[in-house]
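Please open the model in a viewer and follow the selections below in order.

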2 protein chains.
Amino acid sequence: MQKKDRRIPEETVRRLSLYLRTLRFMENKGVQVISSERLTKHLNITGAQARKDLTYFGSFGQPGVGYNVNRLRKKIEEILGLDHSWNVILVGCGKLGAALLAYPGFRRFGFRITAAFDNNPDKVGRTIGKVPIITDQKMEEFIRKNDVKVAIITAPAEAAQEIARRLAESGISAILNFAPRYLVIPEKIQIKSVDMAMELESLVYYLKNH
Amino acid sequence: MQKKDRRIPEETVRRLSLYLRTLRFMENKGVQVISSERLTKHLNITGAQARKDLTYFGSFGQPGVGYNVNRLRKKIEEILGLDHSWNVILVGCGKLGAALLAYPGFRRFGFRITAAFDNNPDKVGRTIGKVPIITDQKMEEFIRKNDVKVAIITAPAEAAQEIARRLAESGISAILNFAPRYLVIPEKIQIKSVDMAMELESLVYYLKNH
DNA sequence: TGATGTGAATAACTTCACAGCG
DNA sequence: CGCTGTGAAGTTATTCACATCA
């Protein structure tokens, strides 16, 4: 997919996701062609930036015209690996876990949460939004049997490291972590952490200094 | 706080938050002094980077020794504006909103969610984790009366823009947005958006390409 | 000796500016 | 004519390397 051995800036990948959101919105509205300027108008990104981002992966536009919305949407989905669906599991069925299980945004775009795990016997056996809650003792087995590659951790901070270790050992390749803890995992596993208190912390900094 | 007119990289502010997490952890464990290398060991950040980040704001370390954990923790809290507590409101009491209301991480570090708003009469009047749910018609009034400066949006995407507009008009200075929509707001208002589907999207990209 | 603080060097990212093409 | 694609220029961020000080 990616051109030669050029390194892709991490920010470029993140922006691709943003373009995708706009493209889906536009496609829904029936827009067929879009310029780089219009694509980025409401994203605090310049048109030049979008063009540069896209050329890391190929030439998808038509000079003098713009980008075909449907084609570019599909291209970006292909680049990101969203052209097929992903089996995802979620570990930790507290309030945040339950909220994510019910979140429509995942399912809509190719992420299918197939099972949730918890160590609380009261929760095991129930379902949240059609997703069954399974005892965490069966987690490894489930991962192997169903070839799961992506996991979301919504367990308490104290439990997160041990869960991550077990996930890594069972063959998970990517983790989205919501526990406010740095997780030590093998290099080859992709991880991204979302720490909501941290987001607020950097936000208020700018309150003082602007 | 900030030295002269030097511009602070956005990433520096974000890292400050990370250092803070480590420092709090270390302080709890009774560690009194820490080197830049140890501070960043589990953060994928180099010691040099941390030292550079910190010198934007002053000289807090002792050559040959390191940083006093307690002193540096307080300094960073002061830099970020966490040396006093912030009144925060939350708008949209769906599952995610409810999860955040119950999230202990906010309260622990100086963020006090004082009220939640919703337009659903069935929810209004109830409380979630001691936070009262108020009709969104009284939102503006509440913000003004209580001098609220920070708001969290956990409403559906369709409603987010209108809510943001109303928040902006009532004098809110910072918004943490969980709705997957770009929000148009006055320049002077700080905004940070967390889009969980987007996080997953960029995560799976690296699955394909590493 | 050991770790900070910091200019200088390097690397990474973004913007500019325009040739080229439909 | 308008907009893409892209080298070149400009800007910003990170790493290096070492003087300095306890």
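Begin by selecting helix H4 of chain B, residues 69-80: at 1.5 Å a residue, its 12 residues should span 16 Å, and the end C-alpha atoms are indeed 16 Å apart. The expected span is 1.5 Å times one less than the number of residues; helices (H or I, at least four residues) and strands (E, at least two) are DSSP runs, numbered from the N terminus.

This is a predicted model, in which local features need pLDDT of at least 70 and side-chain atom pairs count only at pLDDT 80 or more, while totals for chains, interfaces and linings use all residues. Residues are numbered from 1 along each chain as its sequence is written, chains are lettered from A and ligands numbered from 1 in the order in which they are written, and side-chain values use heavy atoms, without hydrogens and water.

Next, colour the buried residues of H4(B) (under 20% relative accessible area, 1.4 Å probe, protein chains only): B:Val69, B:Leu72, B:Arg73, B:Ile76, B:Glu77, B:Ile79 and B:Leu80. Viewed down the helix axis, they fall within an arc of 160° and so line one face of H4(B); the arc is taken from the directions from the axis to the C-beta atoms. Among the elements they pack against are helix H9 (196-208) of chain A and helix H1 (10-28) of chain B, where contact means heavy atoms within 4.5 Å.

At the N-terminal end, select B:Asn68, the cap of H4(B), with a side-chain oxygen 3.1 Å from the backbone nitrogen of B:Asn70. After the helix comes B:Gly81, with a positive phi near 90°.

Finally, move to B:Asp118 in strand E5 (residues 111-118) of chain B. B:Asp118 is buried, at 10% relative accessible area.

Note on methods
Buried < 20%, exposed > 50% of the residue type's maximum accessible area, 1.4 Å probe, protein only. Polar contact = N/O pair within 3.5 Å; in protein donor to acceptor, adjacent residues only side chain to side chain.
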